[in-house]
Amino acid sequence: MPAPGGSAAAPRFSIVVPVYKVQGYLRACLDSVLAQSCGDFEVIAVDDRSPDGSGAILDEYAARDPRVVPLHLPENKGIGNARNEGVARARGDYLLFLDSDDTLLPDALESIAARLAATEDPDILVYDYARTFWWGEAKRNRDAEVLSAPGPEVGTIDDRPDLLRLFTVVWNKAYRRDFYLAGGFSFPDGFYEDAVVVYESLFSADRIALLDQVCVHYRQRRQGNALRTPSREHFAAFAQYERLFAFIEERPALHRWRAFLFEHMIDHYLFILARPDRVPAAARAEFFRRAAQHYRRYRPADFVRPKGVMGVQYDALARGSYTAFAALKLAARGRKKAAGRLKKARHTLGKQAYARFYQLQLHRPLDPHLAVYAAYWNRTPACNPLAVYEKAKELAPQVHGVWVVKKELADTLPEGIDYVVPNTPRYWEVMARATYFVNNVNFPDAVVKRPGQIHLQTHHGTPLKRMGIDQQQYPAAAKGMSMRKLLQRADRWDFSVSSNQHTTEQWERVYPCSFQSLDTGYPRNDVYYRATAQDVLDVRARLGIAPGRTAVLYAPTVRDYQNGYVPRMDLARVTRELGPDVVLLVRTHYFYGEDARLAELQEQGALIDVSRHPSVEELCLAADALITDYSSIMFDYANLDRPIITYADDWDVYVKSRGVTFDLLSGEPGDTPGVVATSEDELIAAFRDGSWDGAEATARRAAFRARFCQWDDGHAAERVVRRVFLHQEATPEVVPLDERTVAPSPREAAKAAGTAGTAVTTLPAQADASDMDLAG
């Protein structure tokens, strides 16, 4: 079958994408390729035994588009060997390499194809790139002028020697596959593997062409870049340069490039030594000695060292004196630290009261049996932190949990809860000495994370709306928010809890930090698999839901583009139209205060205002159905396998003001949880004709539940506690979806108890307001 936009013949391009631990970025990479206007390509995506969900993402894309060819390696081989495997499978006229966290710009392949045709298929085409940063900025390659400098349309490296001074990467070049294979080029093991292929191929090419256009966005990851991780892996640089010098020595025509390669090599070694995020401190002297050996071994007889500070470092290498080299670095570091201390001293003046007490506590040893919990900016215990707290009391009773709670809420706490009020002496003592920190938001900026402390970020929802650094694109959502501070807080996370693959990918991308994802399910959702029929009936009784009535929970989310609570529907009309058999439970977002109109409607018996009910999980258990818009409650409620009605009267505005991660209204399997209504009339009609709980709604709900309730099975809290508090494997294994036993619906609970069941609501198709008034 011909590929979309291509043919059954060999494609023009083979794009080799090595894949390892990039599940948060991989979709963007693949989407950028598959959306190209030039469709004559194949994507050889090499899963280098990635331990995350990257392999499954490749298979998902391959199932949708035959141009994606996934290779799953049986063992991790490293990025160079993964690329070699991809090249071996490639069929295209040209080889392109694209890292799996980078993206192609729109129409990049069309521009590359046009330039190749105009220059009659050169050996190598070099094009440009731009660095992209988490805060949304893009900066073009600082040496871009090399691509626009005067020179022949096609030539050798002698015609364009400045190409050797560009960033040594393979993903800004298209290689004619016949040339690449004939040259015997391949990536070696270890770091800095690009340099070998780049220089060997540029030295060998008879025909090199240029394209003065940005074709690749090179993602600058805050964390997770292996090259910026201190390790002995950086010693691989020595083997790479030994291979390059051997390549030159075997080819007399290339001997003229010895001086260039020598200076480039030494500059590279000095760069590695200058960065604290490269070679570990304990191995720096050894790295220096190896660099000095290469200096003596490969130094051309007529080489003239640079002048200035760089020349002094060259001298230290020439003499093999690490002491002299370290002294240079120490002096520079001392000047920098002095400036930093002065700045810090100025910043902290006037903040001495609790700061001094806190600083004293920070010098005391950590308490290995102390955990701090907080939820929703120090409101009462709730959500995932509460579920973890309760399970920790059972499985790790040696760990004492203390909650951080606002002073005005302290009197509402259940008996037996130990708590501290923010900014009190005991609060600062606990924050300084606790080993475990559990929150569904972030702890304050003033909290210092000490070595040995473990931060567990549980979150409080599955992201339909854009979160983290994605919010920068939506001013209403990011109003008053400092992204740098947000990420500094996220830098404290050791663990991040997720309930499904979609969430894991989103968190890893929008919070580019070094946490480990706990793919355990959300602890707060355990109750949906543990609750009994009596539990369901007891909750309904406490809420005042009369037997036989259908309870519909209406829980809209906050609107970033509005100030205060603005009702999205005429609640009086809707409750009247739904009739006496239905009771509406209305829960406004916790950001909003009390609403006088809701209180009035409740006094009239038209609805039940549950906005201040302490447990949203109880409300879900009590409800026969859920009406919501874009609130993450839909993902949790889906565990119960009960009807979900999406009321989206302002979808277009919401998408533009906040942004979304998928199209909730598409109707595609996994996107839409049930019936969709975009007006009050459509909402009422869905209840009148029974479609709110019909066959189509049920099918949509099943697909939605399979996608978003992936790891919720009643054991999430146990998995979290075992991994974080007990340092064990996150067990037990997730129960398959079709084997899970969910809490009974209110109707099933009533039947089990032998009482009147809730009504099956299908309103008369021709009913009007007067009918409802008479009935009620």
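**Tyr529**

I started with the neighbours of Tyr529 in this predicted model. Skipping residues up to four places away in sequence, I found Tyr529 touching Asn639, Arg705, Asp712, Asp713, Gly714, Arg740, Thr741, Val742 and Ala743. I looked for a polar partner too: the side chain of Tyr529 reaches the backbone oxygen of Asp712 at 3.2 Å. Tyr529 belongs to helix 19, residues 527-530. Buried or exposed? I have Tyr529 down as buried, because its relative accessibility is 10% and the cut-off for buried is under 20%. I also checked how far Tyr529 lies from Gln361: they are 168 residues apart in sequence, and C-alpha to C-alpha they are 42 Å apart in space.

**Arg83**

Next I went to Arg83, which sits in helix 3 (residues 79-89). I noted a relative accessible area of 1%, so Arg83 is buried. What does Arg83 touch, leaving aside neighbours within four places in sequence? My list has Val16, Pro18, Phe97, Asp99, Val170, Trp171, Phe187, Glu193 and Asp194.

**The open sheet**

Then I traced a sheet. It is open, has 7 strands, and runs in the order 13-12-11-14-15-16-17 with parallel pairing. At the edges I found strand 13 (419-420) and strand 17 (516-519), each pairing on one side only. I looked at one pair inside that order: strand 11 (residues 367-374) and strand 14 (residues 434-439) pair in the parallel sense over 5 bridges. For a landmark in that pair I picked Ala371, which stands opposite Tyr436 in strand 14.

Which strands does helix 14 touch? I see helix 14 (residues 383-395) packing on the sheet against strand 11, strand 12 (400-404), strand 14 and strand 15 (454-457). The direction of helix 14 makes about 150 degrees with that of strand 11. Helix 18 (residues 501-510) packs on the sheet as well, where I found it touching strand 16 (495-498) and strand 17. For helix 18 I wrote down an angle of about 145 degrees with the direction of strand 16.

**Helix 8 against helix 10**

I turned to a helix pair next. Helix 8 (residues 236-249) and helix 10 (residues 284-298) pack with their axes 11 Å apart, at an angle of about 10 degrees. That makes me call helix 8 roughly parallel to helix 10, because angles under 35 degrees count that way. On the helix 8 side I listed Phe238, Glu242 and Phe245 as making the contact. On the helix 10 side I listed Phe287, Arg290, Ala291, His294, Arg297 and Tyr298. By class I have 5 nonpolar, 1 polar and 3 charged residues in this contact.

**Backbone oddities**

Last, I scanned the backbone. Most residues other than glycine have a negative phi, and most peptide bonds are trans.

Where is there a cis peptide bond? I found one from Thr731 to Pro732, with omega near 5 degrees. Pro732 is in the loop between helix 28 (716-724) and helix 29 (746-753).

His727 is in the loop between helix 28 and helix 29. His727 is not a glycine, yet I read a positive phi there, near 55 degrees. I put His727 down as exposed, with a relative accessible area of 51%.

Tyr192 has a positive phi too, near 60 degrees. I placed Tyr192 in the loop between helix 6 (177-182) and helix 7 (193-204). At 12% relative accessibility, Tyr192 goes into my notes as buried.

Technical notes
Residues numbered from 1 in each chain as written. Predicted model: local features only at pLDDT ≥ 70, side-chain atom pairs only at ≥ 80, totals over all residues. Heavy atoms only, no water. Pairing = 2+ DSSP bridges. Helix = DSSP H or I, 4+ residues; strand = E, 2+ residues; numbered from the N terminus. Contact = heavy atoms within 4.5 Å. Axes fitted to C-alpha atoms, helices over the stretch in contact; angles between N-to-C directions. Buried < 20%, exposed > 50% of the residue type's maximum accessible area, 1.4 Å probe, protein only. Polar contact = N/O pair within 3.5 Å; in protein donor to acceptor, adjacent residues only side chain to side chain. Parallel < 35°, antiparallel > 145°, perpendicular 65-115°, else oblique. Nonpolar A, V, L, I, M, F, W, Y, C, P; charged D, E, K, R; others polar.
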